[in-house]
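Take a walk through this structure, from the inside to the surface. Keep the sequence open beside the view.

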Amino acid sequence: MEVLNASDAKREFGELILKAQNAPVGINKNGKPVAVIVSAREYEQLKTLQQQALKAEIEAGLEDIKQGKVSSGSEVINRLRQKF
């Protein structure tokens, strides 16, 4: 992934947008990563993947409830206390 510092990204914004159509472009500020610019198409794909993953987790949780695989809040807290 190509990485630009923030001032270069600002100065070359038009070129940055064109580059992001082909591949993500990282933006650093003070030497630290602060953003990644992606195309609108890639962003939509990422949102779709997130929604699919969330839906799968919710469905798995509902299936656990149907099968009686549940714990009370106090049971969870007790297990966490024993673990840590």
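Start with the largest nonpolar core, which has six residues in all: Leu4, Ala9, Leu16, Ala20, Val25 and Ile27. Two elements give two or more residues to this core, helix α2 (13–20) and strand β2. Bear in mind that this is a predicted model. In soluble globular proteins, nonpolar side chains tend to be buried together.

Leu16 is a good place to look around. Which residues does Leu16 touch, leaving out those up to four places away in sequence? They are Leu4, Ala9, Val25, Ile27 and Ile37. Of these, Leu4, Ala9, Val25 and Ile27 are listed in the core itself.

Now follow Val25 into the strands. Strand β2 covers residues 25–29 and pairs with β3. The pairing is antiparallel and runs over five bridges. Val25 stands opposite Ile37 of β3. Ile37 is also among the contacts of Leu16.

How many of the six residues of β3 are buried? The count is zero, and the strand, residues 32–37, is hardly covered. Buried here means under 20% relative accessible area, so each residue of β3 falls outside that limit. In a regular strand the side chains alternate between the two faces of the sheet.

Next comes the turn. The hairpin of β2 and β3 has two residues between the strands. Asn30 takes a positive phi there, near 55°. Gly31 also sits in the loop between β2 and β3. Is Gly31 buried or exposed? Gly31 is exposed, because its relative accessible area of 65% is over the 50% cut-off. From Gly31 to Arg11 the C-alpha distance is 17 Å, with their positions 20 residues apart in sequence.

Lys29 belongs to strand β2. Setting aside neighbours within four places in sequence, Lys29 is in contact with Ala6 and Val34. Val76 is another matter. Lys29 and Val76 are 41 Å apart in space, C-alpha to C-alpha, and 47 residues apart in sequence.

Past β3, look at the loop that leads to α3. Ser39 lies in this loop. Where does its accessibility put Ser39, buried or exposed? Ser39 counts as buried, because its relative accessibility is 1% and the limit for buried is under 20%. Ser39 touches Ala20 and Gln21, again not counting residues up to four places away in sequence. Ala20 is one of the core residues.

Turn to the charged side chains. Side chains of opposite charge can pair when their charged atoms come close. The model has five salt bridges by the rule used here. Three of them follow.

In helix α2, Glu15 and Lys19 are four residues apart, about one turn of the helix. Their side chains meet in a salt bridge, at 3.2 Å from N to O. Glu15 is partly exposed at 41% relative accessibility. Lys19 is partly exposed too, with a relative accessible area of 22%.

In helix α3, Glu44 and Lys47 are three residues apart, which is also about one turn of the helix. They form a salt bridge, and their closest N and O atoms are 3.8 Å apart. Glu44 has a relative accessible area of 42% and is partly exposed. Lys47 counts as partly exposed at 29%. Shared partners also link salt bridges elsewhere: Glu2, Glu15 and Lys19 are joined into one network.

The third pair is Glu12 and Arg11, with the closest N and O atoms 3.6 Å apart. How do the two partners sit? Glu12 is partly exposed, at 26% relative accessibility. Arg11 is exposed, with a relative accessible area of 59%.

Finish on the surface. Which residues make the nonpolar surface patch of about 490 Å²? They are Leu54, Ile58, Leu62, Ile65 and Val70. Ile65 is placed in helix α3, which spans residues 40–66. Ile65 counts as exposed because its relative accessible area of 53% is over 50%. The route thus ends with nonpolar side chains on the surface, having begun with the buried ones of the core.

Key:
Residues numbered from 1 in each chain as written. Predicted model: local features only at pLDDT ≥ 70, side-chain atom pairs only at ≥ 80, totals over all residues. Heavy atoms only, no water. Buried < 20%, exposed > 50% of the residue type's maximum accessible area, 1.4 Å probe, protein only. Pairing = 2+ DSSP bridges. Patch = residues over 30% accessible without salt bridge, like charges linked within 9 Å, V, L, I, M, F, W, Y side chains within 5 Å. Areas by Shrake-Rupley, 256 points an atom, 1.4 Å probe, with all protein chains shown as cover. Salt bridge = Lys/Arg side-chain N within 4 Å of Asp/Glu carboxyl O. Core = buried A, V, L, I, M, F, W, Y, C linked by side-chain atoms within 4.5 Å. Contact = heavy atoms within 4.5 Å.
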